[in-house]
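Reader: Could you take me through one part of this model, the sheet and what sits against it? I'd like a close look rather than a tour.

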Amino acid sequence: MFDPSTVRLTVTGPVEGPTTLRDGENVVIRPVRDDDREGLREFVAGVSDGALARRYFGAVRPERVLESILAGAHDPDGLSLVMESRSDGRPRLVALAEYRRDGPTSPGAEAAFLVTESYQGRGCATLLLERLARAAVGHGIVFLHAIVLSENFAMVDVFRGCGLPLEERWGTDALHFRIYLPIGGGAVPRPLAAGTSSGRIVAR
Ligand SMILES: CC(C)(COP(=O)(O)OP(=O)(O)OC[C@H]1O[C@@H](n2cnc3c(N)ncnc32)[C@H](O)[C@@H]1OP(=O)(O)O)[C@@H](O)C(=O)NCCC(=O)NCCS
């Protein structure tokens, strides 16, 4: 039985704007802009090959990752958010979260996250999931889904820890998550009949 008191995210509120990491650092969450190419290039270059492989399900060239992020940012049925830090005196992109709706009126959207190494474990993905969820609710999306490699404990923890109703099922080497969003101003979500959510946001 779903218990609304366990929800750790505030699904009503602004999508973009300032927020604070667990350790007190102030950051800004905002949509990817056309002038982010160089900032995103630097961000991708700062992410380890292992992290990129967990995100894109295998080895991938940074240039393809960059093009995939920029293309995704122009998807009218999607949203790409970045987290910007000024900890070293200039704006620097430290995390990215994206969703792509399965179709213009589909109930589901695929979500994915990428956080630069030095910002992992500081709550970035959790904060970004909250902002993605706010935007998705505003667009009538019922659930976010994601495929997570089974050894990706951090991502599994973010989804399991968010407190929203979840469906999990095993694929061959990965977990398939569905996270049901509050609808109608915070009403308890009602899971749809189980279906397949096999799409992946990948860098082709
Ligand atoms: C997965 C990822 C997005 C998580 O981002 P993050 O900002 O570090 O996540 P958060 O700090 O919000 O939360 C991480 C949670 O996992 C836990 N965690 C972090 N690293 C962990 C690890 N190696 N093993 C187990 N748990 C871990 C944290 O304790 C935290 O749990 P808590 O909220 O109960 O304290 C980030 O590690 C990343 O970019 N990984 C590479 C790309 C990727 O895997 N993307 C996901 C594909 S959809």
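Author: Here is the sheet, starting from its overall order and ending at the ligand. This is a predicted model, where local features need pLDDT of at least 70 and side-chain atom pairs count only at pLDDT 80 or more, while totals for chains, interfaces and linings use all residues. Residues are numbered from 1 along each chain as its sequence is written.

Eight strands make up an open sheet, running β1-β2-β3-β4-β5-β6-β8-β7, with mixed pairing. Strands (E, at least two residues) and helices (H or I, at least four) are DSSP runs numbered from the N terminus, and two strands pair if DSSP finds at least two bridges between them. β1 (17-20) and β7 sit at the edges with a single partner strand each, so one side of each has no neighbour in the sheet. On average, neighbouring strands are turned by 25 degrees against each other, direction ignored; axes here are lines fitted to C-alpha atoms, for helices over the stretch in contact, and angles run from 0 to 180 degrees between N-to-C directions.

Now zoom in on β7 (residues 166-170): this strand pairs with β8 (residues 174-180) in the antiparallel sense over five bridges. A hairpin of three residues links β7 to β8. Across the pair, E167 faces R178 in β8, and E168 stands opposite F177 in β8. Packed on the sheet is α5, which touches β5, β6, β7 and β8, its direction making about 25 degrees with that of β8; contact calls for C-beta atoms, placed from the backbone, within 7 Å.

As for the ligand, α5 (153-161) is among the elements that each supply at least two residues of its shell. In fact, α5 gives the most, with six residues.

How values were computed. Two residues are in contact if their C-beta atoms, placed from the backbone, lie within 7 Å.
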